[in-house]
Amino acid sequence: MLLCQSNRHLDFAEIDPAFRHDVLNGLSIRPRAIPARWHYDRWGSVLFDAITTLPEYYLTRTERSILSKAASEIAALTGSGRAVIEFGSGSSAKTPTLLSAVNPSAYVPVDICTDFIWKSVEQLSKTLPNLSIYPVEGDFTGELRLPAAIQSMPRLGFFPGSTIGNFVVPAAVDLLRNIAATLGEGSMLLIGIDRLKSMDVLLRAYDDAQGITAAFNLNLLRRINRELKGSVPLDAFRHLVRWNDAEVRIEMHLEAACDVRFAVEGCSFSMAKGETIHTKNSLKYRPRDASVLLRAGGWTPIADWTDDKGLFSVVLAKEEPHNRHPDPLQQVKSHENDEMP
Ligand code: SAH
Ligand code: AVI
């Protein structure tokens, strides 16, 4: 069964005002930065899928193998009959492994990229014909309305791919809390988080020899030209990847290879040679840091799995209301003070 729901109301040819805002604002601020979510138009999603099969991009195959090995343990901990809500489902490539194991009552893929979600849902309904699927088109950082049909069902959130790493820590905490609020009391979350490892391995994963990641990054400029009447000369930019040790993250930038002038939606911009537009962060977490992050976001880890080389973590957590307060001790202290004469 397939039912569709959208949290956005855009006609086919309409420009997303949030995209317009983020691009114009991002090109005006210093350092220039455009949020990573805008990489995923139709072509961006196709390129991301190609990235997941690259020899240098160990994340996807590693997470998949962890999920297949741990499937029965995960199912034993979650129990069966939960509605599985996947955040940033993309091509839902890892989902059949989880769904076959946990025997869900329904599946709700949530993604901002509409072009891809329908195709992946169509494929999934062929593999699992009896599963009720309710796709939601929307931004998981905002208010998400889950389908009424799953209202009374216990829920398991699925947030694979280390997409959480694309958010700086305060935004990641907000997102985890938003997910907790969306899923509600008694829910569980299965989340994939990439681990900190050698800088060489990380840099190669985001700057592959075939140039697919470069094409994915540069596609953002193509999208700006197409959707926002831009005149950005693509050949004047190159894909740049940096390791930021202080922030424990990979950064993707688009660097001007020469002095360049262009317009977007009638606004003029100029960039000097060497200046960059920051387009993505990919934070890497040691296991304990990941656990602290989850707790700050309202989730208590209850089990975790990794691969032989310890490259990637898959963590199962449960929603616990007391975790929502950033500092429970502080809360207790202030109550004590309240009672003092
Ligand atoms: N889960 C897949 C895809 C990861 S790519 C995997 O593990 O391989 C990240 C996905 O998140 C993309 O499909 C992108 O369109 C989606 N995405 C990114 N930001 C989003 C947002 N703010 N709201 C909803 N979906 C988002
Ligand atoms: C989806 N996300 C976790 C990917 C990552 O590893 O940061 C996106 C990506 N962009 C380029 N390569 C991978």
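**Two ligands and their shells**

Student: This is a predicted model. What surrounds ligand 2?

Tutor: There are 15 residues around ligand 2, and Y57, N166, Y206, K280 and S282 are the closest.

Student: What makes Y206 and ligand 2 a polar contact?

Tutor: A polar side-chain atom of Y206 sits 2.6 Å from an oxygen atom of ligand 2. The cut-off for an N or O pair is 3.5 Å, so this one counts. S282 has a side-chain N or O atom 2.6 Å from an oxygen atom of ligand 2, and the side chain of K280 puts an N or O atom 3.0 Å from a nitrogen atom of ligand 2.

Student: How much of ligand 2 does the protein cover?

Tutor: On its own, ligand 2 has 340 Å² of accessible area, and the protein covers 98% of that. The elements giving two or more residues to the shell are α2 (42-51), α8 (212-227) and β12 (276-283).

Student: Which residues come nearest to ligand 1?

Tutor: G88, K94, D111, D139 and F140, out of 17 around ligand 1.

Student: Why does the pair formed by I112 and ligand 1 count as a polar contact?

Tutor: A backbone N or O atom of I112 is 3.1 Å from a nitrogen atom of ligand 1, and that is within 3.5 Å, so the pair qualifies. G88 also uses a backbone N or O atom, 2.7 Å from a nitrogen atom of ligand 1. With D111 it's a side-chain N or O atom, 2.6 Å from an oxygen atom of ligand 1. Ligand 1 alone exposes 570 Å², of which the protein buries 93%.

Key:
Residues are numbered from 1 along each chain as its sequence is written. Chains are lettered from A and ligands numbered from 1 in the order in which they are written. This is a predicted model: local features need pLDDT of at least 70, side-chain atom pairs count only at pLDDT 80 or more; totals for chains, interfaces and linings use all residues. Side-chain values use heavy atoms; hydrogens and water are left out. A residue is near a molecule or strand if one of its heavy atoms lies within 4 Å of it. A polar contact is a pair of N or O atoms within 3.5 Å; within protein, one must be able to donate a hydrogen and the other to accept it, and residues adjacent in sequence count only if both atoms are side-chain atoms. Accessible areas come from the Shrake-Rupley method with a 1.4 Å probe; for residues, only the protein chains shown count as cover. Helices (H or I, at least four residues) and strands (E, at least two) are DSSP runs, numbered from the N terminus.
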